[in-house]
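Here is a friendly tour of one protein model, with its charged pairs up front. Have a look at the sequence and the fold, then read on.

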Amino acid sequence: MSGATGLSKERLDRMHTVLAGHAERGGVPGLVAAVDRDGDEHVEVLGGLAAAGGEPMRRDTLFRIASMSKPVTAVAALTLVEECVLRLDDPVDDLLPELAGRRVLRRPDGELDDTEPAARPITLRDLLTFRLGYGLVMLPPSAPIARAMADRGIDVRPPRADHPAPDEYLRRLGELPLLHQPGAGWLYHTGSAVLGVLLARACGKPLGEVLRERVLEPLGMRDTGFTVPADGLHRLPVEYLRDPGSGRLVPYDDPADSAWARPAAFDDGGADLVSTVDDYLAFARMLLGGGSHGGVRILSRPAVELMTTNQLTPAQLAGSAPLLGREDLTGWGFGVSVTTTRTGLAAPGRYGWDGGLGTTWFNDPAERLTGVLLTQRMFESPAPPPVARDFEVLAYQAVA
């Protein structure tokens with residue numbers, strides 16, 4: 001289907017040609033890509049489940065979506081805000097006592113005992129906007145705080161890393177001072193991991209059940225979760241990373257012994273979900289539809305607008321450029337990056353996020369456009385790889 005308000009058939013042919021080239025040249029073993037505008041949907045299924053050939057890629061392939069888990073966890077949190085179970089600007093001390101009474105490093109690279117008291121408690125808004133004072137440490141590994149987080153096994157790691165169980169994770173995190181005052185700056189990832197623990201405690205059940213009941217089941221996202229059941233492993237592709245010496249793709253996670261085939265001690269709400277293109281399209285359409293999809297309302301329109309609006313000042317974004325890009329061009333909402341200035345095809349207000357294991361997603365409300373790209377090749381840097389950059393251009397050029 002295509003029409004004046006949807007997608008251009010001629011230009012979708014260009015998308016097929018370019019994306020097929022990435023798979024044929026071995027840039028990615030395979031991919032599933034989808035674009036949707038006003039209900040006019042186009043899906044590409046290319047390449048294979050493994051680099052060495054064998055089974056072809058499938059539309060219902062289960063991909064490790066990594067940091068594309070963050071928006072899902074943020075939506076679940078906002079459902080609790082709308083029920084008045086949680087409040088954005090209340091301290092999280094009652095549910096996360098391990099993070100009460102914080103001390104703060106006087107300098108991020110300082111000794112762990114060179115601290116001052118926190119000016120205020122950590123709030124739910126701080127977790128959602130990554131301003132709690134913990135996160136990816138942009139310092140040499142020898143810096144005391146970086147070394148202490150690594151020694152405790154609570155540093156920011158690739159998805160499905162061997163973190164301790166939630167209570168122990170929070171206990172270890174609470175042993176350390178914050179890198180900055182609550183609310184002062186953006187540090188990647190840990191806010192989502194802590195948010196997952198908060199949601200589990202607020203609801204009195206594991207995070208996976210919270211997400212399933214509040215987001216996944218209502219939207220029909222039956223294939224999305226933290227663990228792949230035995231009868232679904234044939235739909236899980238080999239995950240690859242590039243060997244820097246040889247340049248070849250080498251397995252990172254194999255379905256035959258996948259970390260996702262068994263429950264983890266810690267289900268990370270910022271990194272560990274698997275999903276399919278159709279499941280994530282349902283989630284993306286819900287947000288683009290102002291919180292409703294398929295006759296089911298997950299959030300109010302104002303809640304979606306809040307989540308997808310830049311929440312941070314330039315000062316709070318200082319140092320985020322390696323992950324977000326220039327602070328004057330890109331901001332951060334609740335679990336999503338937000339375009340604030342047009343320098344490319346994306347309009348201001350475009351939002352979405354990537355997953356470091358090879359996935360990317362965006363919604364552009366101005367163009368009524370959704371794009372989802374799922375591959376099984378790990379990013380080699382914070383910048384999206386060529387296939388992801390090409391996909392976004394191709395999605396916009398296909399607008400009729």
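The structure holds 35 salt bridges, each being a side-chain nitrogen of Lys or Arg within 4 Å of a carboxyl oxygen of Asp or Glu. Bear in mind that this is a predicted model, where local features need pLDDT of at least 70 and side-chain atom pairs count only at pLDDT 80 or more, while totals for chains, interfaces and linings use all residues. Residues are numbered from 1 along each chain as its sequence is written, and side-chain values use heavy atoms, with hydrogens and water left out.

Three of these pairs are set out below.

| Pair | N to O distance | Citation |
|---|---|---|
| R64 and E239 | 3.7 Å | salt bridge |
| R214 and E83 | 3.0 Å | salt bridge |
| E392 and R350 | 2.7 Å | salt bridge |

Let's take R64 and E239, a salt bridge with its closest N and O atoms 3.7 Å apart. R64 lies in strand β3 (residues 63-64) and E239 in strand β6 (residues 239-242), so the pair ties together parts 175 residues apart in sequence. Helices (H or I, at least four residues) and strands (E, at least two) are DSSP runs, numbered from the N terminus. Are these two partners buried or exposed? R64 is buried at 1% relative accessibility, and E239 is buried with a relative accessible area of 1%. Here buried means under 20% relative accessible area, exposed over 50% and partly exposed in between (1.4 Å probe, protein chains only).

The salt bridge of R214 and E83 has an N to O distance of 3.0 Å. R214 sits in helix α7 (residues 207-216) and E83 in the loop between α2 (69-82) and β4 (103-105), 131 residues apart. E83 is partly exposed, at 46% relative accessible area.

E392 meets R350 at 2.7 Å, N to O. This pair links helix α12 with the loop between β12 (337-339) and β13 (351-355), across 42 residues. R350 counts as buried at 11% relative accessibility.

Helix α12 covers residues 386-397, and its end C-alpha atoms are 16 Å apart, which agrees with the 16 Å expected for twelve residues (1.5 Å times one less than the number of residues). Its buried residues include V387, F391 and L394. Among the elements covering the buried residues of α12 are α1 (9-24) and β14 (359-364), with contact meaning heavy atoms within 4.5 Å.

Finally, H189 is found in the loop between α5 (166-174) and α6 (190-203). H189 is buried, with a relative accessible area of 7%.
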